[in-house]
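Here's a quick briefing to read with the model open in your viewer. Grab a coffee and have a look at the fold before getting into the details.

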Amino acid sequence: AEVLTARLGRAPRAHEVAGALALDSDTYARWASEVAALEAAPLDLAQAEPFLPIVPPGEPAAEGSMSEELEMGLDRLPARERQVLALYYFEELPQREIARVLGVTESRVSQLHTRALARLRQILVDLRQGRS
């Protein structure tokens with residue numbers, strides 16, 4: 001979206017982003033919705049239930065395994081992404097403060113945060129499916 005914003009001189013519309021990604025509008029809308037849900041997903045294990053789109057439909061989540069899976073998933077993230085998630089969710093720092101701590105822009109923190117959540121979700125899906 002940042003590339004399109006620079007090219008267009010304004011925030012791109014959803015259909016413009018979908019076109020740039022070679023996606024149909026329905027697929028883009030579904031992905032955008034999933035990313036928005038990931039960004040809002042708590043990593044606090046006490047509130048992990050809303051984060052369970054990783055559990056296949058109809059399959060109950062094993063109570064003790066969720067924290068183990070989450071811990072394993074976090075351990076597999078690159079250090080910088082793990083640090084952003086720790087500062088954001090466990091230290092509860094706003095992105096502005098995380099940017100200051102890391103010496104990067106707030107925009108970069110947002111990018112790292114989004115990438116970390118997407119990567120973590122995929123790692124957790126892979127763990128659930130028995131892939132390492």
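What follows is a short tour of the chain, a few of its helices and two individual residues.

Keep in mind that this is a predicted model. The protein chain has 7 helices and 0 strands, so its pattern along the sequence reads α-α-α-α-α-α-α, with helices counted as DSSP runs. The places to zoom in on are H6 and its neighbours H5 and H7, which are among the elements covering the buried residues of H6.

**The chain as a whole**

- Out of 132 residues in the protein chain, 33% are buried.
- The protein chain exposes about 8300 Å², and 52% of that comes from carbon and sulfur atoms.
- Take the contacts between residues at least 6 apart in sequence: 55% of them join residues at least 24 apart.

**Helix H6 and its two sides**

- Which residues of H6 are buried? In this helix, which runs over residues 95-102, they are Ile 98, Ala 99 and Leu 102.
- Looking down the axis of H6, you'd find these buried residues within an arc of 105°, so they line one face of the helix.
- Flip to the other side of H6 and you get Arg 96 and Arg 100, both exposed.
- The cover over the buried residues of H6 includes helix H5 (79-90) and helix H7 (106-128).
- Right after H6 comes Gly 103, with a positive phi near 75°.

**How H5 meets H7**

- Two packed helices are described by the angle between their axes and the distance between the axes.
- For H5 and H7, the axes come within 9 Å and cross at roughly 100°.
- That crossing makes H5 roughly perpendicular to H7, because angles of 65 to 115 degrees count as such.
- On the H5 side, the contact is made by Arg 80, Glu 81, Val 84, Leu 85, Tyr 88 and Tyr 89.
- On the H7 side, the residues making the contact include Val 109, Leu 112, His 113, Ala 116 and Leu 120.
- Sorted by class, the contact of H5 with H7 has 9 nonpolar, 1 polar and 4 charged residues.

**How H6 meets H7**

- H6 and H7 pack with their axes 8 Å apart, at an angle of about 100°.
- This makes H6 roughly perpendicular to H7.
- H6 brings Gln 95, Arg 96, Ile 98 and Ala 99 to the contact, while H7 brings Glu 106, Val 109, Ser 110 and His 113.
- By class, the contact of H6 with H7 has 3 nonpolar, 3 polar and 2 charged residues.
- Val 109 and His 113 of H7 are worth clicking on: they take part in the contact with H5 and also in the contact with H6.

**Two residues to check: Asp 75 and Arg 121**

- Is Asp 75 buried or exposed? Asp 75 counts as exposed because its relative accessibility is 55% and the cut-off is over 50%.
- Asp 75 sits in helix H4, which covers residues 63-75.
- Asp 75 and Leu 120 are 45 residues apart in sequence, yet their C-alpha atoms are 9.6 Å apart in space.
- Arg 121 belongs to helix H7, and with a relative accessible area of 23% Arg 121 is partly exposed.
- Arg 121 and Leu 74 are separated by 47 residues in sequence and by 9.9 Å in space, C-alpha to C-alpha.

Methods. Residues are numbered from 1 along each chain as its sequence is written. This is a predicted model: local features need pLDDT of at least 70, side-chain atom pairs count only at pLDDT 80 or more; totals for chains, interfaces and linings use all residues. Side-chain values use heavy atoms; hydrogens and water are left out. Helices (H or I, at least four residues) and strands (E, at least two) are DSSP runs, numbered from the N terminus. Buried means under 20% relative accessible area, exposed over 50%, partly exposed in between (1.4 Å probe, protein chains only). Contact means heavy atoms within 4.5 Å. Accessible areas come from the Shrake-Rupley method with a 1.4 Å probe; for residues, only the protein chains shown count as cover. The arc is that of the directions from the helix axis to the C-beta atoms. Axes are lines fitted to C-alpha atoms, for helices over the stretch in contact, and angles run from 0 to 180 degrees between N-to-C directions. Angles under 35 degrees count as roughly parallel, over 145 as roughly antiparallel, 65 to 115 as roughly perpendicular and the rest as oblique. Ala, Val, Leu, Ile, Met, Phe, Trp, Tyr, Cys and Pro count as nonpolar, Asp, Glu, Lys and Arg as charged, and the others, Gly among them, as polar.
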